[in-house]
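Thank you all for coming. I would like to take a few minutes to walk through one model with you, so please have a look at the sequence and the structure as they come up.

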Amino acid sequence: YSLLIKSDFLLLPSESEGVSRAVLEALFLGRPCILRDVDANREIIRHGQNGFLFQNDEHLINILESVLTSFKRPFKFESLIPEAFRFDVGIQKIEELLKL
């Protein structure tokens, strides 16, 4: 967390990725993420809302140029985690399953 809190965003260009803990931690700290457009990343990132998805290296360069010229500091500490991945939603779903 100490490195993420000092960062403007998280860049993770992996070509194959499951749901990344690093991404979830960055989003929790209110840091947008720039990720390759692969299945698991599409579940977490809402392009332009809590981060950006790129298809290839050229697209990554375009996104980085855009982000770096329009980024504003300081950040508010506001979680960017999508609702489906929030702790309270997970607990609620477990409680619903246990009632069955």
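I will begin with the sheet, then turn to the helix that packs on it, and finish with the nonpolar cores.

Please keep in mind throughout that this is a predicted model. The sheet is an open one of three strands in the order 1-2-3, and the pairing is parallel. Strand 1, residues 10–12, and strand 3, residues 51–54, each have a single partner strand and stand at the edges, so one side of each is left without a neighbour in the sheet. On average, neighbouring strands here are turned by 15° against each other, if we ignore direction. Between strand 2 and strand 3 there are four bridges, in the parallel sense, and Leu35 stands opposite Leu53 in strand 3. Helix 4, which covers residues 57–70, packs on this sheet and touches strand 1, strand 2 and strand 3, while its direction makes about 155° with that of strand 3.

Now to the cores. The largest nonpolar core has 12 residues in all, and both members of the pair I just mentioned, Leu35 and Leu53, belong to it, as do Leu10, Cys33 and Ile81, among others. Helix 2 (21–28) and strand 2 (33–36) are the elements that give two or more residues to this core, and helix 2 gives the most, with three residues. Apart from this core lies another, of six residues, including Phe9, Ile34, Leu60 and Ile63.

Finally, what does Ile81 touch, leaving aside residues up to four places away in sequence? The contacts of Ile81 are Leu24, Leu27, Phe28 and Arg86, and of these Leu27 is itself listed in the largest nonpolar core.

Notes:
Residues are numbered from 1 along each chain as its sequence is written. This is a predicted model: local features need pLDDT of at least 70, side-chain atom pairs count only at pLDDT 80 or more; totals for chains, interfaces and linings use all residues. Side-chain values use heavy atoms; hydrogens and water are left out. A nonpolar core is a set of buried Ala, Val, Leu, Ile, Met, Phe, Trp, Tyr and Cys residues joined through side-chain atoms within 4.5 Å. Buried means under 20% relative accessible area, exposed over 50%, partly exposed in between (1.4 Å probe, protein chains only). Contact means heavy atoms within 4.5 Å. Two strands pair if DSSP finds at least two bridges between them. Axes are lines fitted to C-alpha atoms, for helices over the stretch in contact, and angles run from 0 to 180 degrees between N-to-C directions.
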